[in-house]
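Me: I am new to this structure and would like to understand the words used for it. Could we go through them together?

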Amino acid sequence: MNRRNVLRTAGAVTLGGLAGYTERAQPTQLEMWLGYITESETQREYTMNLVKRAEEEFDLSINVTGVAYSDFAKQFQAASAAGDLPHLVDLQTNPEVLSGVGRPIESLFKGSKTDEKVSDKILEPMRVWGNQLTGNRKIMGWPLGIRPHFPIWRMDWLEQAGIAREEVDYTSGSKHYRNDLPGIYDRLKQTDLGGQKGYFPSATGMKQSDAEYAEMYISQFGGSLTGVVSEDGTEATVNSKAARDAIQMQVDFIDQGYFHNNAVNQGDEEVTSLQFAGKVGENQLQDIADIWSSYREQQPQAMKNGEYVVSVPHNGGTKSTLSWYVSIGFIDDAFSNQQELDAAAEFVDWWATQEQNVLGNAQKLGIIPANPEVIRNNDWFGKTDLHKSIWRGAGLKTLNEFEQATVPAVPGGTAITYDIPAQMYQRIMTQDWSVDRATDWAAQEINSVLAEHGRR
């Protein structure tokens, strides 16, 4: 029986019954790859301090490697080929790395503190990933929390347009792209700010390298909750009616001057810089982590003084929105015994539920806790008007009322999520392809990748 099969049947075996098991003399050693710690020093420092506390509390030795999301899949493939995979990985934007090597963690998760506290809204996408990766709906990621995308408006644009903050903030509810937003954007265009060259009411996520925003728009228009592919991961959905409606909306809004005319070359960082400079009235590309870190740290007085207004995600007819799932995956063959598995589960369960950690995850990582009661009951989440509007306002409202979409976990995910949609958008915006023609082309390409990996 190989090591993988030993671990799959380990639930019925005592520790002493495992082949090669000896009394532990040294701390249990775990290797963990994290993508998010490469994005900011605040996130890295917080995580390393958390890991240090875990090592002391659980007699662990955890080696953390920061791997940029853009390189994650490539480095993971190289480590797999070398037989040097980590025990734990950050699944936030690269869940497809679990294909063939990820461990369903239902047995580890069941009965944990996280299992007792986690919201079903957060757990459901873990099962969607399981369905895409293994053909069943078993849990494939240990959720720490979510990072949904929130629109954030500049108050000076709103004031010039005579728009009260209550018309667009989280209390007003979700705005429909075609029914509600054109009227708001037209009023913003008629302001002094909106009349200046290079100034736009809002921005879109059509940037080539940020094509995962296709997942957000498609789900908002009623399409698959994993955007460009079906929720069982067997076929492309980028050419579905919902997807075409979503993509056509982006094209129309660029043509009408609502979205930035260079949208295909602008992503969240560029749009945020433009909004800081006052050139974009609304930025709907930022997830809560960016709002809480980039905006709070780079525009502290503006946030404190209410110069930015946070809303809930827009919709195209359904209450759905893309969320980054801050979750940890377990790599099957990296574990050599049940003791390591149990230690890893205990560590991430503590990370997800210990009150100090849950609060720190929100403060430093900008994630909505897996347990919504923490937001309601902890004073920090209602400390100021800013806290209330983001956490108890937009955060809780999104968690409770919206269906959570996510990036797909199918093999070839990088091509499917980035490369093919990027080329599709380029054809639409720079080669004058129709949306129907471009999405048909993209669907053929995506289905070819799925077939290559045995998913069709």
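Me: Which helix gives the most to the lining of the largest cavity?

Reply: Happy to help, and please keep in mind that this is a predicted model. Helix α12 gives the most to that lining, with five residues. The elements that give two or more residues to the lining of the largest cavity are α2, α12 (288-298) and α15 (355-365). Among the lining residues are A289, W292, S293, R296 and E297, along with S40, T42 and Q363.

Me: What makes the space a cavity, and how many cavities of 30 Å³ or more are there?

Reply: A cavity is a set of points where a 1.4 Å probe fits but cannot get out. By this rule there are three cavities of 30 Å³ or more. The largest cavity holds about 50 Å³ of space. By class, its lining has three nonpolar, six polar and three charged residues.

Me: Why is α9 called largely enclosed by the rest of the structure?

Reply: Buried means under 20% relative accessible area. Eight of the eight residues of helix α9 (residues 213-220) are buried, so the helix is largely enclosed by the rest of the structure. Among these buried residues are Y213, E215, M216 and Q220. Their cover includes the helices α10 (241-255), α11 (268-276) and α18 (413-430), as well as the strands β8 (320-330) and β10 (403-405). Just after α9, G222 takes a positive phi of about 95°.

Me: How do you know whether T321 is buried or exposed?

Reply: Set its value against the cut-off: buried means under 20% relative accessible area. T321 has a relative accessible area of 0%, so T321 is buried. This residue is in strand β8. Leaving aside neighbours within four places in sequence, T321 is in contact with residues including P148, H149, S219, Q220 and F402. Two of these names, S219 and Q220, also appear among the buried residues of α9.

Me: And T191, why does that residue count as buried?

Reply: T191 has 6% relative accessibility, and because the cut-off is under 20%, T191 counts as buried. T191 is in the loop between α8 (181-189) and α9. Not counting residues up to four places away in sequence, T191 touches W157, Q160 and A161.

Me: Why is D59 called partly exposed, and why is D432 called exposed?

Reply: Exposed means over 50%, and partly exposed lies between that and the buried cut-off of 20%. D59 has a relative accessible area of 39%, so D59 is partly exposed. D432 has 69%, which is over 50%, so D432 is exposed. D59 is in the loop between α2 (41-58) and β2 (60-66), whereas D432 lies in the loop between α18 and α19 (435-452). Each has a positive phi in a residue other than glycine: near 55° for D59 and near 60° for D432.

Me: What is the kink in helix α17, and where is it centred?

Reply: The bend at a residue is the angle between axes fitted to the seven residues ending there and the seven starting there. In helix α17 (residues 385-401) there is a kink of about 25°, centred on G395. G395 is one of the buried residues of α17, which also include W391, G393 and A394.

Me: How do you know that T384 makes a polar contact at the start of α17?

Reply: A side-chain oxygen of T384 reaches to within 3.3 Å of the backbone nitrogen of L386. The cut-off for a polar contact between N or O atoms is within 3.5 Å, so this pair fits.

Note on methods. Residues numbered from 1 in each chain as written. Predicted model: local features only at pLDDT ≥ 70, side-chain atom pairs only at ≥ 80, totals over all residues. Heavy atoms only, no water. Buried < 20%, exposed > 50% of the residue type's maximum accessible area, 1.4 Å probe, protein only. Helix = DSSP H or I, 4+ residues; strand = E, 2+ residues; numbered from the N terminus. Contact = heavy atoms within 4.5 Å. Polar contact = N/O pair within 3.5 Å; in protein donor to acceptor, adjacent residues only side chain to side chain. 1 Å grid on protein atoms, 1.4 Å probe; cavity = no way out; pocket = protein on both sides within 12 Å on 5 of 7 lines; lining within 4 Å. Points joined across faces, edges and corners; volume = space filled by probe spheres on them. Nonpolar A, V, L, I, M, F, W, Y, C, P; charged D, E, K, R; others polar.
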